[in-house]
Amino acid sequence: IGSIDKNKNINKNKNFVKKKLKINHGKLITMRQSHSNRVLKINKLNYKNKRFNSDAIITSVKGLALGVLTADCVPIILFNETNNSIGCIHAGWKGSLSGIIENTLKKIKLRKKNNKIFACVGPCIGKKNYEVGKDLYDKFNRKSQRYKKFFSNKKRVKNLFDLRKFVNLKLKENDVYSIENIKKDTFEESDNFFSYRRAQKLAHKDYGRCISVIYLI
């Protein structure tokens, strides 16, 4: 869901990213994210569309850059060396539990081939700052009891959830060749990152978004 920021400010920030990454002849594509498990493939026919309602996008079209916006959730950047394709995933707890990572990896892979996929897991909220209720713990436990290891008790009715480790498990289970983690806590590092939870705690009306981008030159 989008912020309440003015369009001119959003476009100014996007242009800054384009200039920084030297996306001179391409286009920076972002999504309207909703914590779903929906993946869209960007091709030469649809890349000019104004809106992509999904939480992951992939492409093999040269000159396109894909971006994911986060503010505590996990941004995942993908490159499949086997078919020279790229992707990005918005992975919060809801999307991760419902299969956004698995769905994306299925679409970015070549069938019946040994795919060589590289993943970068970006800055997200750290476990010590991610306090969740028993209801979330129960959701994960019903899915699989092996997910208990990603939670630890802070209080009797609260848990701390390690979203980064859960995301890494999903990548490993789906045969990602190499995984790099940028171990930065978006909640804790207020000088460097926006955070939804921090904004809520401070009673801010809105919150900024961090962008993670991959560009297929």
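Biologist: Two strands pair if DSSP finds at least two bridges between them. Which strand does E4 pair with, and in what sense?

Modeller: Strand E4 (residues 64-70) pairs with E12 over 6 bridges, in the antiparallel sense. Strands (E, at least two residues) and helices (H or I, at least four) are DSSP runs numbered from the N terminus. The model is predicted: local features need pLDDT of at least 70, side-chain atom pairs count only at pLDDT 80 or more, and totals for chains, interfaces and linings use all residues. Residues count from 1 along each chain as its sequence is written, and side-chain values use heavy atoms, without hydrogens or water.

Biologist: What stands opposite Val68?

Modeller: Ser212 in E12.

Biologist: What order do the strands take in that sheet?

Modeller: E1-E4-E12. The sheet is open, its 3 strands pair in a mixed way, and the edges are strand E1 (27-29) and strand E12 (210-215). Each of those edge strands pairs on one side only. From one strand to the next, the twist averages 30° (axes are lines fitted to C-alpha atoms, for helices over the stretch in contact; angles run from 0 to 180 degrees between N-to-C directions).

Biologist: Which strands does H1 lie across?

Modeller: E1 and E12. H1 runs at about 40° to E12.

Biologist: What span should H1 have, and how far apart are its ends?

Modeller: Helix H1 covers residues 7-21, which is 15 residues. At 1.5 Å a residue (times one less than the number of residues), it should span 21 Å. The end C-alpha atoms of H1 are 21 Å apart, so the two values agree.

Biologist: What happens just after H1?

Modeller: Lys22 takes a positive phi there, about 60°.

Biologist: Switching to the sheet with 6 strands: what is its order?

Modeller: E2-E3-E6-E5-E7-E11. That sheet is open too, again with mixed pairing. Strand E2 (39-42) and strand E11 (178-181) form the edges, each pairing on one side only. Its twist averages 15° from one strand to the next.

Biologist: How many bridges join E5 to E6?

Modeller: 7 bridges. Strand E5 has residues 74-80, strand E6 has residues 85-91, and they run antiparallel. In that pair, Leu78 of E5 stands opposite Gly87 in E6.

Biologist: Which helix packs on this sheet, and which strands does it touch?

Modeller: Helix H3 (residues 100-108). H3 touches E2, strand E3 (56-59), E5, E6 and strand E7 (117-121), where contact means heavy atoms within 4.5 Å.

Biologist: What angle does H3 make with E6?

Modeller: The direction of H3 makes about 170° with that of E6.
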